[in-house]
Amino acid sequence: MLLRTKALLFVIPVLWAGCGVNVFEEQEKKDPAEDAVLALERQDEDTAITILEEALLGDPGNMQFLSILSLAHAQRAGIEPLQFAQRVADKQSDSGSSATPAAGVPSAGDYTSLFSVMPEASAANLADLDRAVEILAVDMRAAPLLAGDTFKLALYQTASVILHTKALDTNGDGQLTLDEILSLSSASAINILTQIASAAILFGGGGDGTDSATKEKAAAALGK
């Protein structure tokens, strides 16, 4: 009798699978957010982005998916929030500057000194970093950000400003000449200035992104 029972337990799932029915379908369903995070832990940002973009097709307002998607784009650009904040803090500590991501955005004079802690200012990295900012900035208008996302948005905006500024350093000497500065387009200049203003507001506002006045000011600064 025991052998017959074991045989049935083996045969029934096989027969059902042959009919296109998976008795374990519910148990096999995976959480896209979990899968994306695992992909990011493997440094596989492309897979994480694909997973989340597909998940968002069916649930476009899912704040968790959007938050991780923003992180995936930033990470693919070479910016991981806590590591970036620490690198900037260490660099500014070495140079004697008191402005750190925990207290506020770097001053304009600090940007060139931070080129060395930034990834390559390639078109792909700039696009990914700007996309990371865009995702969280749009969320800000739609609903309160998740805990920690206000801080991440401000970091991404700061990183975007520095990387866009670094892109002007065409000879790679860590300094900006007048000719290099004059090569900045009007659109890029507006983008940099609005991101500086918004990042300053976010760092000054603190909290978890639920303060409506802070959100409105940041959204206005971004022109959203």
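This is a short tour of the helices in this structure, with a suggestion at each stop for what to select. Keep in mind that the model is predicted.

**Stop 1: the whole chain**

Start with everything shown as a cartoon. What will you find, helices or strands? The chain has eleven helices and zero strands. Of its 224 residues, 38% count as buried. Now think about contacts between residues with a separation of 6 or more: 68% of them join residues 24 or more positions apart.

**Stop 2: helix 3**

Select residues 32-41, which form helix 3. Show the side chains of Ala33, Ala36, Ala39 and Leu40, which are buried. Turn the view until you look down the helix axis. Why do these residues line one face of the helix? Seen from there, the buried residues fall within an arc of 125°, so they share one face. A general point helps here: an α-helix has 3.6 residues a turn, so residues three or four places apart point the same way.

What does that buried set pack against? Add helix 4 (45-58) and helix 5 (63-76) to your selection, as these are its partners.

Before leaving, visit both ends of helix 3. At its start, a side-chain oxygen of aspartate 31 comes within 3.1 Å of the backbone nitrogen of alanine 33. After the helix comes glutamine 43, where phi is positive, near 65°.

**Stop 3: helix 3 beside helix 5**

Keep helices 3 and 5 in view. Two packed helices are described by the angle between their axes and the distance between the axes. Here the angle is about 15° and the axes are 10 Å apart, which means that helix 3 is roughly parallel to helix 5. The crossing of the two is left-handed.

To see where they meet, show Pro32, Ala33, Ala36, Val37 and Leu40 on helix 3, then Gln64, Phe65, Ile68, Leu71, Ala72 and Gln75 on helix 5.

**Stop 4: alanine 55**

Next, pick alanine 55 in helix 4. Is this residue buried or exposed? Its relative accessibility is 14%, so alanine 55 counts as buried. Which residues does alanine 55 touch, not counting those up to four places away in sequence? Pro32 and Phe65 are the ones to highlight. You can also draw a C-alpha to C-alpha distance to aspartate 31: the two residues are 24 apart in sequence and 9.4 Å apart in space.

**Stop 5: helix 5 beside helix 8**

Return to helix 5 and add helix 8, residues 149-167. Their axes come within 12 Å and cross at roughly 25°, so helix 5 is roughly parallel to helix 8. This crossing is left-handed. Highlight Ser67, Ser70, Leu71 and Ala74 on helix 5, together with Asp149, Lys152 and Tyr156 on helix 8, to see the residues that make the contact. You have met Leu71 before: it is also among the helix 5 residues that meet helix 3.

**Stop 6: serine 122 and asparagine 125**

Finally, select serine 122, in the loop between helix 6 (81-95) and helix 7. With a relative accessible area of 18%, serine 122 is buried. Follow its side chain: it reaches the backbone nitrogen of asparagine 125 at 3.1 Å.

Asparagine 125 lies in helix 7, residues 123-142. At 13% relative accessibility, asparagine 125 counts as buried too. Setting aside neighbours within four places in sequence, show its contacts: Arg76, Ala77, Pro119, Glu120 and Leu163.

Definitions and conventions. Residues are numbered from 1 along each chain as its sequence is written. This is a predicted model: local features need pLDDT of at least 70, side-chain atom pairs count only at pLDDT 80 or more; totals for chains, interfaces and linings use all residues. Side-chain values use heavy atoms; hydrogens and water are left out. Buried means under 20% relative accessible area, exposed over 50%, partly exposed in between (1.4 Å probe, protein chains only). Helices (H or I, at least four residues) and strands (E, at least two) are DSSP runs, numbered from the N terminus. The arc is that of the directions from the helix axis to the C-beta atoms. Contact means heavy atoms within 4.5 Å. A polar contact is a pair of N or O atoms within 3.5 Å; within protein, one must be able to donate a hydrogen and the other to accept it, and residues adjacent in sequence count only if both atoms are side-chain atoms. Axes are lines fitted to C-alpha atoms, for helices over the stretch in contact, and angles run from 0 to 180 degrees between N-to-C directions. Angles under 35 degrees count as roughly parallel, over 145 as roughly antiparallel, 65 to 115 as roughly perpendicular and the rest as oblique. A crossing is left-handed if the near helix is turned anticlockwise from the far one by less than a right angle, and right-handed if clockwise.
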